[in-house]
Amino acid sequence: MKRLILAGALGAAITLPALAQDAATAPQAATPTCAQALPQIDDLVGQAESSGLQTADAKTHVGEAQAAQSRNDEEGCIRALVLAQNTILDQVRDQQPPS
């Protein structure tokens, strides 16, 4: 059950890397700000931890995002959040049974 909840949360958060990757072609307003994305990714990491996933690397990336935010480094913050999210996504994919 916890994995289903985590999968739903991942689905909601999955737009961050897509938006970050398309930032060159999409209007700037489409990319979430660090302030918008940081609490969502932090919550995702918390849900992943509650589901039994290893979150040390993701937490490190969230910490990097917080440090970047305090330096007003928007790009660095978003990059760190994408890494945190991808760390969790990779673990979820690795635990999916083969189809």
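This passage describes a disulfide and a helix pair in a predicted model.

The model contains 1 disulfide. Cys34 and Cys77 form the link, with an S to S distance of 1.8 Å. The angle about the S-S bond is 60°, and the link is right-handed. Cys34 belongs to helix α3, which covers residues 34-50, while Cys77 belongs to helix α5, which covers residues 74-95. The disulfide therefore ties together parts that lie 43 residues apart in sequence. Both Cys34 and Cys77 are buried.

Helix α3 also packs against helix α4, which spans residues 56-70. The axes of α3 and α4 are 10 Å apart, and the packing angle is about 160°. An angle over 145 degrees counts as roughly antiparallel. The two helices, α3 and α4, are therefore roughly antiparallel to each other. Their crossing is left-handed.

Residues from both helices make up the contact. On the α3 side are Cys34, Ala35, Leu38, Ile41, Asp42, Val45 and Glu49. On the α4 side, these meet Ala58, Lys59, Val62, Ala65, Gln66 and Gln69. The residues of this contact comprise 8 nonpolar, 2 polar and 3 charged. Cys34 thus appears in two settings: Cys34 is joined to Cys77 by the disulfide, and Cys34 is among the α3 residues that meet α4.

Key:
Residues are numbered from 1 along each chain as its sequence is written. This is a predicted model: local features need pLDDT of at least 70, side-chain atom pairs count only at pLDDT 80 or more; totals for chains, interfaces and linings use all residues. Side-chain values use heavy atoms; hydrogens and water are left out. A disulfide is a pair of cysteine sulfur atoms within 2.5 Å. Helices (H or I, at least four residues) and strands (E, at least two) are DSSP runs, numbered from the N terminus. Buried means under 20% relative accessible area, exposed over 50%, partly exposed in between (1.4 Å probe, protein chains only). Axes are lines fitted to C-alpha atoms, for helices over the stretch in contact, and angles run from 0 to 180 degrees between N-to-C directions. Angles under 35 degrees count as roughly parallel, over 145 as roughly antiparallel, 65 to 115 as roughly perpendicular and the rest as oblique. A crossing is left-handed if the near helix is turned anticlockwise from the far one by less than a right angle, and right-handed if clockwise. Contact means heavy atoms within 4.5 Å. Ala, Val, Leu, Ile, Met, Phe, Trp, Tyr, Cys and Pro count as nonpolar, Asp, Glu, Lys and Arg as charged, and the others, Gly among them, as polar.
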